[in-house]
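Colleague: I should like to understand how the descriptive terms applied to a model are justified. May I put some questions to you about the one shown here?

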Amino acid sequence: MRSPNATGRRAAVGIGFMVLAATLSLILSAAPEEKRIAIYSNVANYTLNLVSRNGQDYVGLLEILEPLGTVYAKGDSSKWKLRYKDVDGEFSAGKTRAKVRGQSFDLPANFLLENGRGLVPISSLVTLLPRFLGGPVTFHQEARRLFVGDVAVHFTAQMVRTAPPSLVLNFTSPVNPSIATEPGKLRMVFTHEPLVPPGTQNLTFDNRIIPSASYQENNGAVELLINGSAPLFAKFSNDGRTITVIAAVEAANTAPSSETGTTSSAPGITPATSVPPQLRKYFAVVDAGHGGDERGAALGEQLVEKDVTLAFARRLRQELESRGLSVLMVRDTDSSIALDQRASLANVTHPAIYVCIHAASQGNGVRLYTAMVPNVGESHGPFLAWDNAQSAFRIASETAENSITSELQRKQIPVHGLMAPLRPLNNIIAAAVGVELSPRGSDTSELTSAQYQQQVASSVAAGIVLVRDKLEAIR
Amino acid sequence: MIPRHLIIGVALMLAAALGMSLYVWHMRSTATYSTPAAVDARPVPAPVSGPSEQVTLWVAYDVPGNVRPQGARIPLPSGRQERAQELLRALIGLYLKKDSSHPLGAGSEIREVYLVDPGLAVIDTNAAFADGHRSGVLVEELTVASVVQTLASNIPGINRVRILVDGKTRDSLAGHADLSVSYDVGQVNQVVQQMQGP
């Protein structure tokens with residue numbers, strides 16, 4: 001028989017292990033993201049990972065200088081020599097004293113030599129780099145962003161009080177941020193642009209739909225957060241120098257109070273009541289499938305679906321606009337948007353047709369898809385079930401599909417129409433068609449062929465224009 | 001006078017009887033106090049090697065992009081649920097062959113099939129089935145149509161089919177085909193007809 005003491009000890013050890021495991025899991029789950037430094041120069045913009053030693057952040061000096069010019073380093077266990085272009089530097093492991101261009105100076109913390117890699121504290125960069133580069137550097141140390149020379153990109157933000165309102169951001173150089181949307185927010189993250197803050201980091205606009213924006217820089221990146229009370233989307237123009245953030249609905253102050261339901265982006269229930277006429281701005285919503293981290297199918301060694309869909313969607317927009325139809329692009333950049341958000345954005349703009357774009361390496365030509373939904377959706381008073389929202393628009397979708405099929409066949413492009421379980425087609429309260437582009441033969445490079453894409457885009461647009469009146473009537 | 005050899009014989013017999021009694025007593029005690037061996041109470045799976053039956057597998061073809069019926073003789077157990085499992089395993093087996101008309105990722109498996117009344121079949125696939133699946137609207141739809149059509153055409157009474165991955169709901173098979181809903185057998189049948197082309 002075990003003694004009560006032994007049992008108690010075992011229980012205590014067990015509890016101890018549980019506490020230890022819980023603590024470890026908490027520590028692991030709260031692990032901070034890797035520290036980085038961003039370096040911007042006229043030659044290259046790049047980021048490097050930092051290492052922490054003795055409470056200081058360190059970076060490899062060779063890695064910093066390598067993209068900027070010819071650099072060579074050699075050393076033994078205690079001395080490390082580096083030549084950048086024609087400038088010589090000498091460092092000693094574990095010491096602060098260093099020599100560049102024959103002049104000695106002190107680093108703010110010890111130089112470290114790890115496996116032949118020379119590490120300098122990042123706090124030394126503002127004094128160390130000018131000695132090698134021969135010019136000034138600006139260092140935003142808190143945000144770990146280093147500007148070599150005069151490379152800063154400035155921007156202005158201007159509210160345009162049209163209906164719907166838009167926020168126009170003008171940049172002094174082209175930018176390509178990653179963009180993510182979430183209810184009430186549009187987030188742009190600039191990792192490779194030497195963007196500098198405007199006069200104030202919190203911008204406010206006298207507008208209820210887009211009331212404010214904020215600038216924040218951290219861990220080698222800049223985040224520009226636009227707040228909105230309606231779904232927001234971004235449109236690029238002027239070769240990437242202008243980003244226009246547009247609200248998907250008209251200003252709330254002009255909308256009746258009953259509109260609240262129609263601007264809801266929460267999935268689950270879609271309003272079946274008609275949307276006020278002033279919201280009917282776009283004839284077509286074109287949705288390039290995938291985007292951001294969601295790459296879609298691998299179509300070749302270097303080719304991913306999200307890039308083909310975006311290129312094709314842009315051509316389709318051009319073709320539709322040239323035929324006098326207004327078009328809203330769900331994404332015009334490499335951004336990640338959830339399927340429910342895509343459907344919400346399309347539904348609140350109440351288009352006559354929604355077209356989502358996909359691409360595949362298998363198959364022959366173009367495949368057109370309509371939603372696979374039951375014939376009659378469940379009814380909840382004035383609402384439609386989210387998963388069956390498309391059911392009332394099946395005839396409109398089939399009409400558009402048949403018309404596009406005829407146009408593609410007329411141009412002798414192989415085409416096949418199918419129903420498909422392809423979201424968010426079943427969540428759309430308008431005619432909705434999916435277009436999957438695939439090569440006519442086994443040559444997948446045709447997917448990126450401007451001529452082929454143009455031919456297909458032109459046929460799809462022509463097919464839509466042919467049934468324009470029918471789609472308008474159903475809308 | 002009793003002969004000496006008789007006395008010795010009787011004594012030996014008594015000793016043997018006593019020894020055997022002691023041994024039996026010992027064996028009885030052991031049998032009483034020893035814990036009975038653990039019994040595996042789990043149900044025994046139905047034998048897969050039942051009588052071979054003629055079935056129709058709806059096999060997907062990447063080229064030209066359709067699903068076609070193909071007769072096969074496979075051993076099937078008697079239970080509905082087990083039959084459904086073996087049917088789909090036979091179908092997946094075709095796709096895992098080297099010269100498959102619609103290759104699936106290595107290690108793809110059907111873990112279980114549950115027949116839930118009324119008319120709902122839940123197919124639980126393993127992670128390799130979805131993780132290793134090629135991405136594309138058609139290629140994913142071919143898999144779904146093939147699986148649903150095979151099940152519905154061989155097991156009477158199935159109206160809807162739900163596909164899970166590792167026992168959980170997944171948004172899509174490989175980025176396109178929706179797995180968050182149940183498939184209506186009638187609609188899948190319509191898709192299969194559409195796939196045959198005009």
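Colleague: What follows α5(B), and what is the sign of its phi?

Modeller: The residue after α5(B) is G197(B), and its phi is positive, near 85°. Please bear in mind that this is a predicted model. A similar description applies in chain A, where α3(A) is followed by G134(A), with a positive phi near 75°.

Colleague: Which residues of α5(B) are buried?

Modeller: They are V188(B), V191(B), V192(B) and M195(B). The word "buried" requires 20 or more other C-beta atoms within 10 Å of the residue's own, and these four residues of α5(B) are classed as buried.

Colleague: Why are they said to lie on the same side of α5(B)?

Modeller: The buried residues cover an arc of only 100° around the axis, and therefore they lie on the same side of α5(B). In general, an α-helix has 3.6 residues a turn, so residues three or four places apart point the same way. On the other side of α5(B), G186(B) and Q193(B) are exposed.

Colleague: What do the buried residues of α5(B) pack against?

Modeller: They pack against β1, β2, α4 and β6 of chain B, together with β30 of chain A.

Colleague: How many residues take part in the contact between chain A and chain B?

Modeller: In chain B, 21 residues are in contact with 20 residues of chain A. Both α4 and α5 of chain B supply at least two residues each to the side of chain B that touches chain A. By class, that side has 8 nonpolar, 9 polar and 4 charged residues.

Colleague: What makes P424(A) buried?

Modeller: The cut-off is 20 or more other C-beta atoms within 10 Å. P424(A) has 28 within that distance, and it is therefore called buried. This residue lies in the loop between β30 and β31 of chain A.

Colleague: With which residues is P424(A) in contact, leaving aside its neighbours within four places in sequence?

Modeller: P424(A) is in contact with L339(A), D340(A), R342(A) and A343(A). To be counted in this way, two residues must have their C-beta atoms within 7 Å.

Colleague: Which residues of α3(A) are buried, and why are they placed on the same side of α3(A)?

Modeller: L125(A), L128(A), L129(A) and F132(A) are buried in α3(A). Their arc around the axis is only 90°, so they are on the same side of α3(A).

Colleague: What makes β5 and β9 of chain A edge strands?

Modeller: The open sheet has 5 strands in the order β5-β6-β7-β8-β9 (chain A), with antiparallel pairing. β5 and β9 each pair on one side only, and they are accordingly the edge strands. From one strand to the next the twist averages 20°.

Colleague: How do you know that β7 and β8 of chain A pair?

Modeller: Pairing requires at least two bridges. Here 3 bridges join β7 to β8 of chain A, which run antiparallel, and the requirement is met. E90(A) stands opposite K99(A) in β8(A).

Colleague: Which way do β4 and β5 of chain B run, parallel or antiparallel?

Modeller: They run parallel and are joined by 6 bridges. A121(B) has V161(B) in β5(B) as its bridge partner. β5(B) also pairs with β6(B), in the antiparallel sense, over 2 bridges, and R160(B) stands opposite D184(B) in β6(B).

Definitions and conventions. Residues numbered from 1 in each chain as written. Chains lettered and ligands numbered in written order. Predicted model: local features only at pLDDT ≥ 70, side-chain atom pairs only at ≥ 80, totals over all residues. Buried ≥ 20, exposed ≤ 12 C-beta atoms within 10 Å, placed from the backbone. Arc of directions from axis to C-beta. Nonpolar A, V, L, I, M, F, W, Y, C, P; charged D, E, K, R; others polar. Axes fitted to C-alpha atoms, helices over the stretch in contact; angles between N-to-C directions.
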